[in-house]
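This report describes the fold of one protein chain, from its overall dimensions to the surroundings of a single side chain. Please consult the sequence and the coordinates alongside the text.

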Amino acid sequence: MTNPFKKLTQYVLESLRNGRKAMRHTERQAHMMVDNYLDQHLFKNEKYQDPKKLNKYEFQVYSQNGEDGIIEEIFKRIGTTNKFFIEFGVDNGLENNTAYLLLKDWSGLWIDGNPNFISTIREKYGFLIDQKKLFVKNAFINAENIESLFKEAGAPQEFDLISIDIDQNDYWVWKGITNYNPRVVVIEYNALIRPNTKFVVEYDAAKMWNQSMFHNASLQSLEILGKEKGYSLVGCNFVGANAFFVRNDLLKDLFAEPFTAENHYEPPRYYLTRQIGHPRDFGKFRNI
């Protein structure tokens, strides 16, 4: 007797194969469109031809966008000292601003409030944790506890890089860091708020981002805070997510002036966000 479901099963499997093929084709087309936009409208834009501008150095390894490239270029210009980083809001460790640095013989501290993310990090990066190249802390961050978390992990008072990405209280947490002096600060800003506007959400230690546009701080407010703390705004990435600050004693004549929100602001181009290449992963490796 003929199986009545055989043809249906074959049809469904074929449809799934064709669907996956169509999805891959659509994804390739989308990537090509983004590449073309970046090439024609951004990388070749006169605004970014100043060799002191950072945007044209963007590339992605483990970062969500072009942060890996900008961080690398900043340290090419100012050099490194202890090659120690601190990042909080690191997700599962496979998409953040400092994972790539671990391939380049840096060490550092990761903090995240999600225990599931911490579990994945311990699985993927366990050998670096054992070697004390990476310190991992599961904690919900606020302006009151941030320095105690640094102290508990034995972080040096002066280190090369801090990356702040907790989506809501980023401004207030940076403001709360007073006894540590990183050389470079990467911090998320609210790109929907134009660069001529002073805007910071009211501080609430327990509040988390509600996925709306009402979060964090405008670039101008971060510029002002940076000046108060002895830092200058030296750039933002194309997608309009992260701002980059360098400590004033390291600026020399290495970055594009003026160090203002008006000069370095990038609007929200979240449609440029994509994962280039194969899915991200991490495991044991050698520096040969």
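## Overall dimensions and burial

A residue is called buried here when its relative accessible area is under 20%, with a 1.4 Å probe. By this criterion, 47% of the 288 residues of the protein chain are buried. The model is a predicted one.

The protein chain contains 9 helices and 7 strands. Its C-alpha trace extends over about 80 × 50 × 45 Å along the principal axes. The exposed area of the protein chain amounts to about 15,000 Å², of which carbon and sulfur atoms supply 53%. Of the contacts between residues at least 6 apart in sequence, 69% connect residues at least 24 apart.

## The sheet

The 7 strands are arranged as an open sheet with mixed pairing, in the order E3-E2-E1-E4-E5-E7-E6. Strand E3 (134-138) and strand E6 (231-236) occupy the edges; each has a single partner strand, so one side of each has no neighbour in the sheet. From one strand to the next, the twist averages 15°.

In general, the strands of a sheet pair through backbone hydrogen bonds, in either a parallel or an antiparallel manner. Strand E4 (residues 161-164) and strand E5 (residues 184-188) are paired in the parallel sense, with 4 bridges between them. Within this part of the sheet, Ser163 stands opposite Val186 in E5.

## Helices H4 and H8

Two helices may be placed relative to the strands. Helix H4 (residues 115-124) lies across E3 and strand E2 (107-112), and runs at about 160° to E3. Helix H8 (residues 219-229) lies across E5, E6 and strand E7 (242-247), with an angle of about 145° to E6.

The buried residues of H8 include Leu219, Leu222, Leu225 and Gly226, and among them are also the polar residues Gln220, Ser221 and Glu223. Their cover includes H7, E5, E6, E7 and helix H9 (261-264). After H8 comes Gly230, with a positive phi near 90°.

## Helix H2

Helix H2 (residues 67-78) has 12 residues, for which a rise of 1.5 Å a residue gives an expected span of 16 Å; the end C-alpha atoms are 17 Å apart, in agreement with that value. Because 11 of the 12 residues of H2 are buried, this helix is largely enclosed by the rest of the structure.

The buried set includes Ile70, Ile71, Ile74, Phe75 and Ile78, as well as Glu67, Asp68, Glu72, Glu73 and Arg77. Helix H3 (99-102), E4, E5, E6 and E7 are among the elements that cover the buried residues of H2. Just after H2, Gly79 adopts a positive phi of about 80°.

## The surroundings of Arg183

Is Arg183 buried or exposed? Its relative accessibility is 4%, so Arg183 falls under the 20% cut-off and counts as buried. Arg183 is located in the loop between helix H7 (170-176) and E5.

Which backbone oxygen atoms does the side chain of Arg183 approach? The side chain reaches the backbone oxygen of Ile78 at 3.3 Å, and a polar atom of the side chain lies 2.8 Å from the backbone oxygen of Gly79. Ile78 is one of the buried residues of H2, whereas Gly79 comes just after that helix.

With neighbours within four places in sequence left aside, the contacts of Arg183 include Phe75, Ile78, Gly79, Thr80 and Thr81. Arg183 is also in contact with Phe159, Asp160, Tyr231, Phe245, Val246, Arg247 and Leu250.

Key:
Residues are numbered from 1 along each chain as its sequence is written. This is a predicted model: local features need pLDDT of at least 70, side-chain atom pairs count only at pLDDT 80 or more; totals for chains, interfaces and linings use all residues. Side-chain values use heavy atoms; hydrogens and water are left out. Two strands pair if DSSP finds at least two bridges between them. Axes are lines fitted to C-alpha atoms, for helices over the stretch in contact, and angles run from 0 to 180 degrees between N-to-C directions. Contact means heavy atoms within 4.5 Å. Buried means under 20% relative accessible area, exposed over 50%, partly exposed in between (1.4 Å probe, protein chains only). A polar contact is a pair of N or O atoms within 3.5 Å; within protein, one must be able to donate a hydrogen and the other to accept it, and residues adjacent in sequence count only if both atoms are side-chain atoms. Accessible areas come from the Shrake-Rupley method with a 1.4 Å probe; for residues, only the protein chains shown count as cover. The expected span of a helix is 1.5 Å times one less than its number of residues.
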